[in-house]
Structure formats: structure tokens, C-alpha cells
Amino acid sequence: MSTPTTPAPPAKKLTSSVPGPTALSMYASIDPRLPQLIVQAAMEYDRHAYHFAVISTLAAWNLAAVAIGGFIYLIVTGHPGGAGSLLGATVVGMIAGFRRSRL
């Protein structure tokens, strides 16, 4: 009687903008300056991606603050339906953006 085997868990996917050592050594065999240039380009790309993420996060917090301010204003001026719509649309948009960035 054979026992069922469980499949091995998938290997962790490593994400890096820098190629592995084997790839860098292959590039070095073509031109010794290539590995250094590739690492510099990857660092510059990562720096830009980091700045974009920081700016995007700050913009999202600003938009959330504006939406909450608008919600409070609409409640105070006697428009609870509009306030609920504004707050609901903001929350749904934030959830959608969060899911999109995490998937």
C-alpha cells in the first residue's frame, strides 16, 4: 500500500533588483565593469521607487485628512447623507488602493 506524498511547499520568491552572483559573474566575463554598473543602476532604481512610495503615502494621508474634514463639515452643516457618502467612498477607495498595492 502506497502512502500519498504531500507536495513540497513552493520555494520562496525572492525579489531583488540586483541579479544573483552567478549572473553578475557571467556579466563580468563579458565586461569587468558591468557588475558595478548593474548594481549602481539597481540602487538608483530602488531609490526612485522608495521616494515614489513615500510621496504616495503622504498624498494618501493628505487625501484622507481632506475627506475626514469634509465629512465633519457636512455633518456640522446638516448634510448627513452627503457626509456618509463622502466617508464611504473614501474608505472604499482606500481599501481598494491598499489591496492593489499589496497584491
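**Notes on a predicted three-helix model**

1. A friendly start at the N-terminal side: S17 sits in the segment before α1. Keep in mind throughout that this is a predicted model. With a relative accessible area of 30%, S17 is partly exposed, since that value falls between the 20% limit for buried and the 50% limit for exposed.

2. What does S17 touch, once residues up to four places away in sequence are set aside? Its partners are A42, Y45 and D46. For D46, the C-alpha to C-alpha distance from S17 is 7.5 Å, although 29 residues separate the two in sequence.

3. A42 is worth viewing from its own side too. This residue belongs to helix α2, and its C-alpha atom lies 5.4 Å from that of S17, 25 residues away along the chain. Leaving out residues up to four places away in sequence, A42 touches V18 as well as S17. Is A42 buried or exposed? Its relative accessibility is 4%, so A42 counts as buried; the cut-off for that class is under 20%.

4. Now for the overall layout. The protein has three helices and zero strands, and along the sequence they give the pattern α-α-α. Of the 103 residues in the protein, 9% are buried. A42 is one of the residues that count as buried.

5. Next, the pairing of the helices α1 and α2. Helix α1 covers residues 21-30 and helix α2 covers residues 34-76; their axes come within 7 Å and cross at roughly 130°. The two helices are therefore oblique to each other, because roughly antiparallel would need an angle over 145 degrees and roughly perpendicular one of 65 to 115.

6. Which residues make that contact? On the α1 side they are L24, Y27, A28 and I30, and on the α2 side L34, P35, I38 and V39. In character, the residues of the contact of α1 with α2 are eight nonpolar, with no polar and no charged ones.

7. A23 offers another view of this region. It is placed in helix α1, and its relative accessibility of 26% means that A23 counts as partly exposed. Between the C-alpha atoms of A23 and P35 there are 8.9 Å, with the two residues twelve apart along the chain. P35 is also one of the α2 residues in the contact with α1.

8. If you plan to look at pockets, here is the one to open. The largest pocket holds about 520 Å³ of space. It is lined by 16 residues, and the closest to its centre are S56, A60, M94, G97 and F98. Which elements give two or more residues to this lining? They are α2 and α3, the latter spanning residues 80-102.

9. What is the make-up of that lining? The residues that line the largest pocket divide into eight nonpolar, six polar and two charged. Set beside this, the contact of α1 with α2 has eight nonpolar residues, no polar and no charged. Both lists are easy to colour by class in your viewer.

Note on methods. Residues are numbered from 1 along each chain as its sequence is written. This is a predicted model: local features need pLDDT of at least 70, side-chain atom pairs count only at pLDDT 80 or more; totals for chains, interfaces and linings use all residues. Side-chain values use heavy atoms; hydrogens and water are left out. Axes are lines fitted to C-alpha atoms, for helices over the stretch in contact, and angles run from 0 to 180 degrees between N-to-C directions. Helices (H or I, at least four residues) and strands (E, at least two) are DSSP runs, numbered from the N terminus. Angles under 35 degrees count as roughly parallel, over 145 as roughly antiparallel, 65 to 115 as roughly perpendicular and the rest as oblique. Contact means heavy atoms within 4.5 Å. Ala, Val, Leu, Ile, Met, Phe, Trp, Tyr, Cys and Pro count as nonpolar, Asp, Glu, Lys and Arg as charged, and the others, Gly among them, as polar. On a 1 Å grid over the protein atoms alone, a cavity is a set of points where a 1.4 Å probe fits but cannot get out, and a pocket is an open set with protein on both sides within 12 Å along at least five of seven lines; lining residues have an atom within 4 Å of a point. Grid points are joined across faces, edges and corners, and a volume is the space filled by probe spheres set on the points. Buried means under 20% relative accessible area, exposed over 50%, partly exposed in between (1.4 Å probe, protein chains only).
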